[in-house]
Amino acid sequence: MRICAEIEMLPVIHGKELFAREVRRLCSGQRFDCVAVDIPPAFQDDLSAAVDGLPLISALIAHEGHGVYGDDECRYYIPVDPCDAMIEGVRQARQRRIPFYCVGAPELENLEPLPPLPDEYSVKKLGADAYAALCGAVIGTAPEGCIEHGQSKHIAAKLRRLRSQYKNILAIIPLKLFKTVISFLDSEEISDADLGIDTGYGYTVQTRYINPDHLFFALGELPFITAKTQMERQDPFAEPVELLDAVKELFTETRDNYFDDKEQAVQLSPVRIQTALTYLRNLTVMSGELTPSLIDIVEAAKGVGGNAYALRILKNAHYYPFLPIESGDTLVNIGIKRMSLIDDVYPGAGREVYRAVNLFRDKMIYWRRIDLKPDPSVMQKKKYRYSWDPYGMCSHTPEDTRIERFNSHARGKAMRVVTEHLARTEKFSSSVKDGIDIRETLRNWHTGSIYVKELPPAVTKLDTVIIIFDESHDGRYQQRTTWYAEHEEESTLSFYATGTFEDLIGPGIARCTYGGVAMLFPPRNVPDIFRVAEEMGVTGCAEQLVTGSLVFSREKNVAYIAAKAPSVRLRAQAGRFKKHLVWIPLSTFSNETLSRLRRFHVLNGKNVRSWAAHFIGDEL
């Protein structure tokens, strides 16, 4: 906003890309003589080199005095955040060969955080001026005697002096101070004498690269989003980074690039990603914001992808690709109100921890707890394997319920296929019977006749459902067995799947993947159908499963769910046992349903069920 003929003022919130983008827009649309930023003058000499070093992110750390450090001494630091509007202002000044001035108060102090304000994403729709006016009505002017009042007075005195030297000044002022600064700018309460407070405070400033693992605590945006903005700057043809689209990219890139097992990535289908984004939107709205926080992002990822996906989202959100080639001794570790670095005065003293104040922190940041269980390490998996009891195995009860529901649905679907296959079609005379046969009516459209269909009574029964997920990689499926029903509502389950010890995720808990499964209902005891089929000379996991199921099925029709129709050999095998394979294409079921159905867990005894949900409950 133009507050006078010489000064264009931009009120900003620290660390937000939308305000940094507004600085770029102003500098591209106007020619300024200088840039004034609310940064303490102690950092003036070191700021140029730090900004020129971007996209490597460093911190300017100031402490009072020149000698011995006190144990309770506080450090004040400025992160050279490329998404911060003031850093962007200095960057634009350096690129356009114009001077910049640090007009902040010389005394380093910890200011109060901003009160609750409308989400800064509103700037995209309202514009920076309208947003500043809206927030200014909430913040108001600083009362006399507070720190903000004194700092605003000093900034106004500095701007008044610059106004006498330059004709067009870009002043970047924090949102919490801009109304007070404007009230002082032409006030008779201040004079050049107020600038005398520049002297009398001696600070030693040092520049350190920030530990890449700790960038989240120093930056205003997620390191992932900050990296996207820097990649945009390096590509002159790149589209501007849309913050909400960057969050979507966080979900999709993590799925595509951060899973060692590609099948895990496939399970996170676009439908599940969209579900996570919808859940994230609801969490964000419940928080009263328009842009999601990292906690909400991780919660949404955990809700649809489990712990493994949520942990990878968390790591990817913290990743910043522009890394300094420096040893750990030259980095500063930053946390919430703490920092640690090697003592320059006494190098042998080791790494010291100090109280720290981020001068670019406008909003309160605090710890929150989220329950995530990391994947077990190699040593933990070895421990789980050595403690496994080979004589105690059972299923996970929620998965039993899920597969029985699917079994019931598949049997009903197969019976409808058989019934429709036996339907008779005839010309309409006096009754539509079981409905108009649309296909036959259209085929004879030129005759003007209407055809109806008549379905026979549902006398057929079906007790076996076979599902073939994979028939081409027999070597992968080492587990070939039959599980018997624990009660009358369960089926007798025969399957071939990945080995029990290939993926141990907890004590007595193994994650496996079906290659094929056959369900016999009502349940009854049958021998090992794979051994029976092998004795008959049948080879291949899928063919053995189908043949064994045909042997012990009591009904003529057997549901066969697979990607391809049963081969001639399987049909001949079924005819030998006077059975009929009712083919249902695997594609008639959603990928989401199939991926959830195909993954199951083997528990090392019924007692494991008491804690199994703690490890696998969110994967169902």
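Tutor: A salt bridge is a side-chain nitrogen of Lys or Arg within 4 Å of a carboxyl oxygen of Asp or Glu. By this rule the structure above, a predicted model, holds 22 salt bridges. Residues are numbered from 1 along each chain as its sequence is written, and side-chain values use heavy atoms, with hydrogens and water left out. Local features need pLDDT of at least 70 and side-chain atom pairs count only at pLDDT 80 or more, whereas totals for chains, interfaces and linings use all residues.

Student: What makes R24 and E17 a salt bridge?

Tutor: Their side chains come to 2.8 Å, N to O, and this value satisfies the 4 Å rule, so the pair is called a salt bridge. Both R24 and E17 are buried, a term that stands for under 20% relative accessible area, with exposed meaning over 50% and partly exposed lying in between (1.4 Å probe, protein chains only).

Student: How do you know that E8 and R2 belong to the two classes assigned to them, and how are they linked?

Tutor: E8 has 8% relative accessibility and therefore counts as buried, while R2, at 38%, falls between the two limits and therefore counts as partly exposed. Their side chains meet in a salt bridge at 3.2 Å, N to O.

Student: What links D463 to R524, and where in the chain do the two residues lie?

Tutor: D463 forms a salt bridge with R524, the closest N and O atoms being 3.2 Å apart. The pair links distant parts of the chain, 61 residues apart, since D463 belongs to strand β14 (residues 462–468) and R524 to the loop between β18 (509–520) and α17 (529–535). Helices (H or I, at least four residues) and strands (E, at least two) are DSSP runs, numbered from the N terminus. D463 has a relative accessibility of 5% and R524 a relative accessible area of 14%, so both are called buried. Elsewhere, salt bridges that share partners join E17, R21, R24, E88 and R233 into one network.

Student: Why is R91 placed in its accessibility class, and what does R91 touch?

Tutor: R91, in helix α3 (residues 85–95), has a relative accessible area of 10% and is therefore buried. Contact means heavy atoms within 4.5 Å, and, leaving aside neighbours within four places in sequence, R91 is in contact with V51, L54, P82, Q230 and R233.

Student: Why is K564 called buried or exposed?

Tutor: The relative accessible area of K564 is 60%, so K564 is exposed. K564 sits in the loop between β19 (557–562) and α19 (568–576), and touches E471 and W583, not counting residues up to four places away in sequence.

Student: How do you know that β19 and β20 are paired, and which way do they run?

Tutor: Two strands pair if DSSP finds at least two bridges between them, and six bridges join β19 to strand β20 (residues 580–585), which run parallel. Within that pairing, V558 stands opposite L581.

Student: What makes strand β21 mostly covered?

Tutor: Five of the five residues of β21 (residues 599–603) are buried. R599, H601 and L603 point one way, and F600 and V602 the other way. In a regular strand the side chains alternate between the two faces of the sheet. Two bridges join strand β11 (residues 394–395) to β21, and these strands run antiparallel; the bridge partner of S395 is V602. Five bridges join β18 to β21, again antiparallel, and C512 stands opposite F600.

Student: What is unusual about the backbone at K337 and K578?

Tutor: Most residues other than glycine have a negative phi, and most peptide bonds are trans. K337 has a positive phi of about 65°, and K578 has a positive phi of about 60°, although neither residue is a glycine. K337 lies in the loop between β8 (331–334) and β9 (338–342), and K578 in the loop between α19 and β20. Their relative accessible areas are 52% for K337 and 70% for K578, so both are exposed.

Student: Which peptide bond ends at P55, and which at P522?

Tutor: The bond from L54 to P55 is cis, with omega near 15°, and a cis peptide bond also joins F521 and P522, where omega is about 0°. P55 lies in the loop between α2 (44–52) and β3 (58–64), and P522 in the loop between β18 and α17.
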